[in-house]
Amino acid sequence: MLLLRKQLKIGTRGSKLALWQAEFAKKRLEDKGFECEIVPIKTSGDKTDKPLYQLGGKGLFIKEIEKALLDKTIDIAVHSLKDMSVFEDERFDFIVFERDYWEDIFVSFEGNFLEIKKNARVGTSSLRRRAELLQYRDDFEFVDLRGNLDTRLKKLRDGEVDAIVVSKSGLKRLGLYDEAYMYDLRFATPAAGQGVIAVEFLSDFEFRDELKQLEDEKTRICIDSERAFVRQFNASCNYPIGALARFEQDEFFMQITYGFVDNLRRVIKYSRRDISPLFVFSDVVEYVKKKVKDYENRG
């Protein structure tokens, strides 16, 4: 049994969702014999209202937290995995807990994405979400929307937008999900790692082995494939790209969406399943590379 050798300081953003996730990780760690203290940290991403695709990517939500890890003012950090860069830094390592919900949710008091009025104003800064919706509703007017879930829902209630698109996992975790006006977008491929909580630490962290025991192995295989797919195309949150992998009975299933910044109405969508995760991943990557090359040759 692990002895209580020290108290772990858990770094996290200060939003309600981030704190919920930190509390979730804290309970798991306490079950392993650790004592924990949560340390909220304000990040660059929390200090601006500009969409991430204009600001250089997801590192804005973790840069200050990773600096705290390096400075050893915190011991571990808890993130939404989709906020972490897919380009990994060897100074850090992380584990993941089991994914709960991967879906995007269309939230509107006027009906689902097919029922809502023509030229509806949809609040989302995600180019990926915009590209997905444009396949079904090319009349939508998109509005850049940042902020935590409460802020986004308030803007919807205040009539600033007619609908918003957010992650189901966040709504569920905070008890905000209401099927009366929230609709699953199961056709939409989520961001790599969406719905997954990650615990980050230094690669030489003294309790690395103990943390690794908390990791969900199947979720790890899935998110490694998702993140590797995004890396293959040198993409980030300023690109309309999504990837989802999961195990279905004895098979590994992967679906992707690959869009084009200069034309969000043009997307590549593909899925594949097989007993071998490596085969599925390789097939998906080769398919998308071929399609991208075809598009480029056509001009």
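At the start of helix H3 in this predicted model, Ser 126 leans in with its side chain: one of its oxygens comes to within 3.3 Å of the backbone nitrogen of Arg 128. The helix that follows is well tucked away. Of the 8 residues of H3, 8 are buried, so the helix is largely enclosed by the rest of the structure. That list is not just greasy residues, either: Leu 127, Ala 131, Leu 133 and Leu 134 are on it, and so are Arg 128, Arg 129, Arg 130 and Glu 132.

Helix H4, residues 149-157, has a cap of its own. Here Asn 148 does the job at the N-terminal end, with a side-chain oxygen 3.2 Å from the backbone nitrogen of Asp 150. Along H4, the buried residues are Leu 149, Arg 152, Leu 153 and Leu 156. These four sit on the same side of the helix, because the arc they cover around its axis is only 95°. As for what they pack against, the partners are strand E5 (104-107), helix H3 (127-134), strand E8 (163-167), helix H5 (168-173) and strand E9 (182-184). After H4 comes Gly 159, with a positive phi near 85°.

Moving on to the nonpolar cores, the largest one counts 25 residues. Within it, Phe 229, Met 254, Ile 256, Tyr 258 and Val 288 have the most contacts. Two or more residues apiece come from helix H7 (217-232), strands E11 (241-248), E12 (251-260) and E13 (263-274), and helix H8 (277-298). H8 chips in the largest share, at 7 residues. Val 288 gives a feel for how this core is wired: setting aside neighbours within four places in sequence, this valine is in contact with Phe 229, Phe 233, Ile 256, Tyr 258 and Ile 268. Another core, of 19 residues, lies apart from this one, and its members include Ile 10, Ala 25, Phe 34 and Ile 95. As a rule, nonpolar side chains in soluble globular proteins tend to be buried together.

Helix H7 also holds Ser 225. This serine has a relative accessible area of 10%, and since anything under 20% counts as buried, Ser 225 is buried. Not counting residues up to four places away in sequence, Ser 225 touches Ala 245, Phe 252, Met 254 and Phe 281. Val 292 is another matter: it sits 67 residues from Ser 225 in sequence, and the two C-alpha atoms are 20 Å apart in space.

Finally, there is the second largest pocket, with about 250 Å³ of space. H7 and E11 are the elements that give two or more residues to its lining. E11 supplies the largest share, 5 residues. The lining includes Leu 244, Ala 245, Arg 246, Phe 247 and Glu 248, along with Lys 218, Thr 219 and Cys 222. Glu 98, Arg 99, Trp 102 and Asp 216 line this pocket too. Ala 245 thus turns up twice, once in the pocket lining and once among the residues touched by Ser 225.

Notes. Residues numbered from 1 in each chain as written. Predicted model: local features only at pLDDT ≥ 70, side-chain atom pairs only at ≥ 80, totals over all residues. Heavy atoms only, no water. Buried < 20%, exposed > 50% of the residue type's maximum accessible area, 1.4 Å probe, protein only. Arc of directions from axis to C-beta. Contact = heavy atoms within 4.5 Å. Polar contact = N/O pair within 3.5 Å; in protein donor to acceptor, adjacent residues only side chain to side chain. Core = buried A, V, L, I, M, F, W, Y, C linked by side-chain atoms within 4.5 Å. 1 Å grid on protein atoms, 1.4 Å probe; cavity = no way out; pocket = protein on both sides within 12 Å on 5 of 7 lines; lining within 4 Å. Points joined across faces, edges and corners; volume = space filled by probe spheres on them.
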